[in-house]
Amino acid sequence: MILVCSFVNEKYLKKKIKYPKEAREKGITGRVYVMFVIDKTGAVKDARVIRGVSPELDEVALNAVKEMPKWKPGTQNGKFVNVQFNLPINFSLK
């Protein structure tokens, strides 16, 4: 079993993600899925969009993930290990 002591901070994402003007004007909404690895040091590595919505929204979501602060790394049997995550990021207009 792998234990991860940190989770995605919604406040960070809300602060970091700004809806692109062009996407807002076109009414583009949806969910972007970003896959990444938290390495043994807690750093975000190998982030990539695995299911996108539009180039504008995909770029914003990917940049937010790439710029995340370090996490507490996952542990298994008392040792730090790499852990893969898939993170859905919703874009909706009110």
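Of the 94 residues in the protein chain, 40% count as buried. This is a predicted model. Here is a route through it.

**The whole chain**

Start with everything shown. The C-alpha atoms fill a box of roughly 50 × 25 × 20 Å along the principal axes. Colour by secondary structure: the protein chain has 3 helices and 5 strands. Trace them from the start of the sequence and the pattern reads α-α-β-β-α-β-β-β. Now turn on the surface. The protein chain exposes about 6,400 Å², and carbon and sulfur atoms supply 51% of that. Contacts reach along the sequence too. Among those between residues at least 6 apart, 73% join residues at least 24 apart.

**The sheet**

Select β2, β1 and β5. These 3 strands form an open sheet in the order β2-β1-β5, with antiparallel pairing. Which strands are at the edges? They are β2 (44–51) and β5 (83–91), each of which pairs on one side only. Look across the strands: the twist averages 25 degrees from one strand to the next.

Next, keep β1 (residues 30–38) and β5. The two run antiparallel, and 9 bridges join them. Pick out two facing pairs. Met35 stands opposite Asn86 in β5. Val37 stands opposite Gln84 in β5.

Swap β5 for β2. Strands β1 and β2 pair in the antiparallel sense over 5 bridges. Find Ile38: its bridge partner in β2 is Val44. Then follow the chain round the hairpin of β1 and β2, where 5 residues lie between the strands. Stop at Gly42, which takes a positive phi near 95 degrees there.

**Leu87**

Select Leu87, which lies in strand β5. Is Leu87 buried or exposed? Leu87 has a relative accessible area of 11%, and buried means under 20%, so Leu87 is buried. Add Tyr33 to the selection. Leu87 and Tyr33 are 54 residues apart along the chain, yet their C-alpha atoms are separated by 5.5 Å.

**The helix α3**

Move to α3 (55–66). This helix has 12 residues. From first C-alpha to last, α3 reaches 16 Å, close to the 16 Å expected at 1.5 Å a residue. Show the side chains. In α3, the buried residues are Glu56, Leu57, Asp58, Val60, Ala61, Leu62, Ala64 and Val65. What covers the buried residues of α3? The cover includes α1, α2 (21–26), β1, β2 and β5.

**The nonpolar core**

In soluble globular proteins, nonpolar side chains tend to be buried together. Here the largest nonpolar core has 23 residues. Select the members that touch the most others: Val34, Phe36, Val44, Val65, Met68, Ile89 and Phe91. The elements giving two or more residues to this core are α1 (10–16), β1, β2, α3 and β5. Which element gives the most? It is α3, with 6 residues.

**Last stop: Phe36**

Centre on Phe36, one of the core members that touch the most others. Hide its neighbours within four places in sequence, then show its contacts. Phe36 is in contact with Val44, Lys45, Asp46 and Ala47, among others. Its contacts also include Val65, Met68 and Trp71. Finish with another group in contact with Phe36: Val83, Gln84, Phe85 and Leu87. Leu87 is the buried residue from the earlier stop.

Notes. Residues are numbered from 1 along each chain as its sequence is written. This is a predicted model: local features need pLDDT of at least 70, side-chain atom pairs count only at pLDDT 80 or more; totals for chains, interfaces and linings use all residues. Side-chain values use heavy atoms; hydrogens and water are left out. Two strands pair if DSSP finds at least two bridges between them. Helices (H or I, at least four residues) and strands (E, at least two) are DSSP runs, numbered from the N terminus. Axes are lines fitted to C-alpha atoms, for helices over the stretch in contact, and angles run from 0 to 180 degrees between N-to-C directions. A nonpolar core is a set of buried Ala, Val, Leu, Ile, Met, Phe, Trp, Tyr and Cys residues joined through side-chain atoms within 4.5 Å. Buried means under 20% relative accessible area, exposed over 50%, partly exposed in between (1.4 Å probe, protein chains only). Contact means heavy atoms within 4.5 Å. The expected span of a helix is 1.5 Å times one less than its number of residues. Accessible areas come from the Shrake-Rupley method with a 1.4 Å probe; for residues, only the protein chains shown count as cover.
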